Amino acid sequence: MARRQPQTIAQLDTGQQVGYLHLDPNQHAGGVGEYLLHRMKPYLPPWIVAGGTGILSLPANAMWGESAAGAVGLTLASLGLTAATWWAGRPTSQQRRLHSAITVAAGTSWFTAAALAGPTSGPLPSLYLIGGSALAATWNIRQLLRVNPEGAPNDGDKGLLERVGLAKTLVTSAKVQPNKAEFELQLPGGELTPDDVSKALPKLAGALRVAKNAVRTLPNPDDSSRVALTVVPHDLLKAGAVYPGPSYPGGSIADPVHTGIYEDGAHMAMFFPGDPEASRNAMHLLIMGMTGSGKSEGGLTALTEVVTRRDVIVWASDPAKAEQTLGPLLPAIDWAALDIKSTKAMVSALKAVIPARTAWLAKYGYKQWEPACAETQADGSPGMPYLLAWFEEAAKSLREIDEDAFTGPAQEARSAGISIVISLQRASHTQMSTDTRASLGSSWVFGLRDDRDAQFALSDEALDAGASPQAWKDKKPGYCYLTANGIPETFWATPGRAYLTPVDAMTRAVAEFAHLRAECDPVTAAAAAKAAGTAFTQRTRYPLPALSGAEDGADGGIYEQEEHTPVPYDYDVDPDDADSDEDDGIDPDAELPPVEAVVEIAPAEIPPRTRVGKAEAKKIMFELLAEFEAEGRTEVGPADFMEYCDRFNRGRSWVSGQVSEMVDAGRLRETDEVGRYEIIPFESAAA
């Protein structure tokens, strides 16, 4: 028997039904006879029906040849079958409907006459042999024209494309991959446009029984009558992917910043600085996604990549969640604004550093920032690293400052070697001015609530091509679209998924690349200090984290001693190969010497760390504040309390929250320095 081949996507548009199965003539087993039978099988049904009709006429004639009632019944049955065929053919093309009705009418008429008069009476044998063969042959011809090995459906037959409103559209070529099919569509000139194909995508997705955003289009830039259609039937992003480590450890910020994967396994990467050779401008980025869409986690992945580069500094703001989101990366951030007051200062500083940096670039002959800018210049002047200004949960900043707060910087910062990133849930005109949104240019969009939100963040080209973030909402965290400078338009509507970056991966990136991370250059620092004052000059600098398993340093961190060289950030190192057999002259295969003495060492008494209740922890916090006050301190911050965290075994975010409650209670007062608070004497607070 011939073996049926599995259905492929390339065959979806070649038959009358979605998933019409082709018989491959090359698939057969056996000799010549079996091969011929295999080739004939698709064309046998009409001939079998014709032969069966002739055979059944013999017993029909014996039963109803002399019956008037039989004659009436057969005539009514013939008319009824013809009418039913015409009615049932409404969803098909006019040609198929007419062809089917004529075939049924001719066949039932001959059968009725043969049953009443006998199949060998008069002209009935000739009509059977000639007419039956002709009708069967017409169906074979129709099948030959429909099954087109070149992949183009028959114009006269109502195939899949015609059913979704794309009549006369031809499939000129097809490329099938394991989970992806690409078709080149030739539209009828003057009748259909690429916009018509975009409008038909939801129907096409339904006909193919795939997700709405699994079908995408891309117009041909040189020919408006040609469109590329892509179908991805299975979601390969479900499993997600954990951040694999820095893509360019110790490299330049001009190198691609890998943030996730596309559905075909390709890297999702973004570019912040411009590149004249690639005709790419510097990027400002809008990040948008509803609560639970994975927007913040995607941003943390991008920032983790950034802090592993040698020639970039980061200014980051999050007045809504403070240290909750940015916490693990704070030691690598040059300036962290975690409240509205310091965020306002950061925006003012950002406006001030643009002309200062632009003047420096012009002085040394740079038309825009490039990696050479971060190196020491010919006259011995220190270089200028790239500046990434990242505003997380920016909706609060825009409400408290001004909806146009970022419009000016976004229009001017690219030429100064600055990229601005604004992250918020909904970039509507009530949250952000349309001028600001237009100035950002690039967007990284996660799941959204509806198609109106998608219009705020994605370009018309991406939406027309099939991008549909509202299909995910918050059900698929990390799923996203990236329409940004340097990203080919073919990827704008391609779904991707941001890496999931564990906290320990962020900690390692922060600690292990501290030795090469750039410092704020004198030009930028001077302009920022003049505009923001102590908010910049006395900004909080967070200590580097201690990596687990480190042997050096009093606190277990590997950066406490200057002579220690940080371990390269390499996830591919085999622990068994980390140490050479030649180190210190030790042979790891040598036998151990015999035991000469046994020394008993009393175990150290380590007090257990117990997690105290919230009420007791708050009490300890206020007791610590009283101790600080008794010591004569006038200012404190969360870092001061963290030194005594063993008393209540709580994390940094909880401590920061308690400090905020002390501010509300009147025991602390904000100062001009971010992260520092003035102690209010208990008597004054009580009064």
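Select Val-445 and Tyr-481: Tyr-481, in strand E13, is the bridge partner of Val-445. The model on the screen is a predicted one.

**Stop 1: strand E13**

Keep Val-445 in view and extend the selection to strand E12, residues 441-445, which runs antiparallel to E13 and is joined to it by three bridges. Now add strand E14, residues 496-498; E13 and E14 are also antiparallel, with two bridges between them. To find the place where they meet, pick Tyr-479, which stands opposite Arg-497 in E14.

How many of the residues of strand E13 are buried? Five of the five, residues 479-483, are buried, so the strand is largely enclosed by the rest of the structure. In a regular strand, side chains alternate between the two faces of the sheet. Colour Tyr-479, Tyr-481 and Thr-483 for one side of E13, and Cys-480 and Leu-482 for the other; all are buried, so both faces are covered.

**Stop 2: the nonpolar cores**

Select Phe-272, Trp-315, Trp-335, Phe-391, Ile-418 and Trp-444. These are the residues with the most contacts inside the largest nonpolar core, which has 104 residues. Helix H11 gives the most to this core, with nine residues. Apart from this core lies another, of 22 residues, including Leu-187, Leu-201, Ala-214 and Leu-229. As a general tendency, nonpolar side chains in soluble globular proteins are buried together.

Return to Phe-391 and show what surrounds it. Beyond its neighbours within four places in sequence, Phe-391 is in contact with several residues, among them Met-346, Val-347, Leu-350, Phe-406 and Ile-420.

**Stop 3: Arg-357 and helix H18**

Next, select helix H11, residues 340-363, and find Arg-357 in it. Is Arg-357 buried or exposed? Its relative accessible area is 0%, so Arg-357 is buried. Leaving out residues up to four places away in sequence, Arg-357 touches residues including Trp-369, Tyr-386, Ile-418, Asp-521 and Thr-524. With Thr-524 there is a polar contact of 2.8 Å between the side chains.

Thr-524 leads to helix H18, residues 522-532, where the buried residues are Thr-524, Ala-525, Ala-527, Ala-528 and Ala-532. What covers the buried residues of H18? The cover includes H11, strand E8 (312-317), strand E9 (335-337) and helix H19 (534-537). Step past the end of H18 to Gly-533, which has a positive phi, near 65°.

**Stop 4: strands E1, E2 and E4**

Go to strand E1, residues 170-177, and strand E2, residues 180-186: they run antiparallel and are joined by seven bridges. Ser-173 has Glu-184 in E2 as its bridge partner. E2 also pairs with strand E4, residues 223-231, in the antiparallel sense over six bridges. There, pick Phe-183 and its bridge partner in E4, Leu-229. Leu-229 was also listed at the second stop, in the core of 22 residues.

**Stop 5: the sheet E15-E17-E16**

Now select the three strands of an open sheet whose order is E15-E17-E16, with antiparallel pairing. Strand E15 (635-636) and strand E16 (668-670) are the edge strands, each pairing on one side only. E15 is joined by two bridges to strand E17, residues 677-679, and the two run antiparallel. Val-636 stands opposite Tyr-677 in E17. Add helix H20, residues 614-630, which lies across E15, E16 and E17 and runs at about 75° to E17.

**Stop 6: salt bridges**

The structure holds 14 salt bridges. One of them is in view already: the side chains of Arg-669 and Glu-678 meet at 3.1 Å, N to O. Arg-669 is partly exposed, with a relative accessible area of 44%, and Glu-678, at 32%, also counts as partly exposed. Elsewhere, Lys-295, Lys-321 and Glu-393 are joined into one network by salt bridges that share partners.

For another setting, select Glu-305 and Arg-309, whose side chains form a salt bridge of 3.2 Å, N to O. Glu-305 has a relative accessible area of 0% and is therefore buried; Arg-309, at 0%, counts as buried too.

End at Asp-474 and Lys-475, where the side chains meet in a salt bridge of 3.9 Å, N to O. Asp-474 counts as partly exposed at 32% relative accessibility, while Lys-475 is exposed at 66%.

Conventions:
Residues are numbered from 1 along each chain as its sequence is written. This is a predicted model: local features need pLDDT of at least 70, side-chain atom pairs count only at pLDDT 80 or more; totals for chains, interfaces and linings use all residues. Side-chain values use heavy atoms; hydrogens and water are left out. Helices (H or I, at least four residues) and strands (E, at least two) are DSSP runs, numbered from the N terminus. Buried means under 20% relative accessible area, exposed over 50%, partly exposed in between (1.4 Å probe, protein chains only). A polar contact is a pair of N or O atoms within 3.5 Å; within protein, one must be able to donate a hydrogen and the other to accept it, and residues adjacent in sequence count only if both atoms are side-chain atoms. Contact means heavy atoms within 4.5 Å. Two strands pair if DSSP finds at least two bridges between them. Axes are lines fitted to C-alpha atoms, for helices over the stretch in contact, and angles run from 0 to 180 degrees between N-to-C directions. A nonpolar core is a set of buried Ala, Val, Leu, Ile, Met, Phe, Trp, Tyr and Cys residues joined through side-chain atoms within 4.5 Å. A salt bridge is a side-chain nitrogen of Lys or Arg within 4 Å of a carboxyl oxygen of Asp or Glu.
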